[in-house]
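Let's take a walk through this one together. Keep the viewer open and click along as we go.

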Amino acid sequence: MDTKIILASNSPRRKQIMTDLGINFEIIPSNYDEKLETDNFSYDLIEDLATQKCLDVVRRVGHNEIVIGADTVVVLHNKILGKPHSKEEAFKMLRELSGQTHSVVTSICGINTKTNRAALLSTTSYVRFNELSDEQIHYYIDNFNPLDKAGSYGIQELPPNFLDKYEGSFENIVGLAPEALTAVLTQLGANIN
C-alpha cells in the first residue's frame, strides 16, 4: 500500500500547488499556535515552526503517512513580517515594503510516520516592490484579504505596478516551492510519479 501524503495546512495556495503537481494528498490542518518569540529572522526559527506544525499532525495520524508542514515568512532588514492583525498593520507593512527588496522564506518539514524519518528544506526567493502610493496600498487592502498572508500580500494577486521584480521560485513566494516539496517527499520515500 502506498504511503498516504498529508498536508498539515489549510492554505488554499499550498493546496493548489500540490494539486498542480499531481500529488494525491489529504488535508489535516495543524493546530500549532505559531506565535513567534522574536521577529528577528533565522532559518532555525522558521524551520522549527514548520517542524512543530508537522509534528502536531503526526501525533494525530496513523503509521503509514508522510506529513508535510510548511511555514512562509516575509523578511525585511532581517525582521520577520508576519500576518497582520488589522488593516492598519497591513498598511504599515506594505508601506515598509514599498520600494524595497525583501526575501520570502518557506521551510518545508516532512515526516514519514512509518520510518520515523524527517526531511527539512528551506527555499528563499526575493521580491522587490515599486514605490507604492497610499492610494495603491489602500486599494489592495480594500480589494484583497491581506490579513491571512505573511507580509500582508499574496504575490499571485498583486495589482499591476505593485511588483518591480522577483528572483527565485514564484511558487515559493506563494507558499510552497515545488522543487523543495518534491525533494522532501523523495527523501522520505514517497511515490510521486
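Start with a helix pair: Lys87, Ala90, Phe91, Leu94 and Arg95 in α3 meet Asp134, Ile137, His138, Tyr140, Ile141 and Asp142 in α4. Sort the residues of that contact by character and you get six nonpolar, one polar and four charged. Bear in mind as you click around that this is a predicted model.

How do the two helices sit against each other? Helix α3 covers residues 87–97 and helix α4 covers residues 134–143; they pack at an angle of about 135°, and their axes are 10 Å apart. Angles over 145 degrees would count as roughly antiparallel and 65 to 115 as roughly perpendicular, so a pair that falls outside these ranges and is not under 35 degrees is called oblique. That is the label for α3 relative to α4 here. As for handedness, α3 passes α4 in a right-handed crossing.

Now follow the chain out of α3. Gly99 lies in the loop between α3 and β5, and Gln100 is found in that loop too. Are these two buried or exposed? Gly99 is buried, with a relative accessible area of 10%, while Gln100 comes out as partly exposed at 28% relative accessibility. Setting aside neighbours within four places in sequence, Gly99 is in contact with Arg128, Phe129, Asn130 and Glu131. With residues up to four places away in sequence left out, Gln100 touches Leu76, His77, Val127, Arg128 and Phe129. So Arg128 and Phe129 appear in the contact list of Gly99 and again in that of Gln100, where contact means heavy atoms within 4.5 Å.

Sequence separation and distance in space are worth checking here as well. Gly99 and Leu163 are 64 residues apart along the chain, yet their C-alpha atoms are separated by 9.3 Å. For Gln100 and Lys83, the separation is 17 residues in sequence and 18 Å in space, C-alpha to C-alpha.

Next, the strands. Thr123 is in strand β6, which runs over residues 117–129. Thr123 is buried, with a relative accessible area of 17%. What does Thr123 touch, beyond residues up to four places away in sequence? The answer is Val104, Val105, Thr106, Asn172, Ala177 and Ala180.

Glu167 is in strand β7, residues 163–167. At 44% relative accessibility, Glu167 counts as partly exposed. Not counting residues up to four places away in sequence, Glu167 touches Ser125 and Tyr126. Glu167 also has Ser103 at a C-alpha separation of 9.4 Å, with their positions 64 residues apart along the chain.

On to the loops, where a couple of backbone torsions deserve a click. Asn78 sits in the loop between β3 (65–76) and β4 (79–81), and its phi is near 65°, a positive value in a residue other than glycine. Asn116 is in the loop between β5 (101–112) and β6. Asn116 also has a positive phi, about 60°, although it is not a glycine. Which accessibility class does each fall in? Asn78 is partly exposed, with a relative accessible area of 47%, whereas Asn116 counts as exposed at 66%.

Thr38 gives you another loop to look at, the one between β2 (25–27) and α2 (43–58). Thr38 is partly exposed at 31% relative accessibility. Leaving aside neighbours within four places in sequence, Thr38 is in contact with Leu45 and Ile80. Thr38 and Ile80 are 42 residues apart in sequence and 8.5 Å apart in space, C-alpha to C-alpha.

Last stop: the cysteines. How many disulfides does a search of the whole structure find? It finds zero. Cys54 is in no disulfide, and the nearest cysteine sulfur to it, that of Cys109, is 4.1 Å away. Viewed from the other end, Cys109 is in no disulfide either, with the sulfur of Cys54 as its nearest at 4.1 Å. A disulfide requires a pair of cysteine sulfur atoms within 2.5 Å, which is why a pair beyond that cut-off is not counted. Are these cysteines buried or exposed? Cys54 is buried, with a relative accessible area of 0%, and Cys109 is buried at 3%.

Technical notes: Residues are numbered from 1 along each chain as its sequence is written. This is a predicted model: local features need pLDDT of at least 70, side-chain atom pairs count only at pLDDT 80 or more; totals for chains, interfaces and linings use all residues. Side-chain values use heavy atoms; hydrogens and water are left out. Axes are lines fitted to C-alpha atoms, for helices over the stretch in contact, and angles run from 0 to 180 degrees between N-to-C directions. Helices (H or I, at least four residues) and strands (E, at least two) are DSSP runs, numbered from the N terminus. A crossing is left-handed if the near helix is turned anticlockwise from the far one by less than a right angle, and right-handed if clockwise. Ala, Val, Leu, Ile, Met, Phe, Trp, Tyr, Cys and Pro count as nonpolar, Asp, Glu, Lys and Arg as charged, and the others, Gly among them, as polar. Buried means under 20% relative accessible area, exposed over 50%, partly exposed in between (1.4 Å probe, protein chains only).
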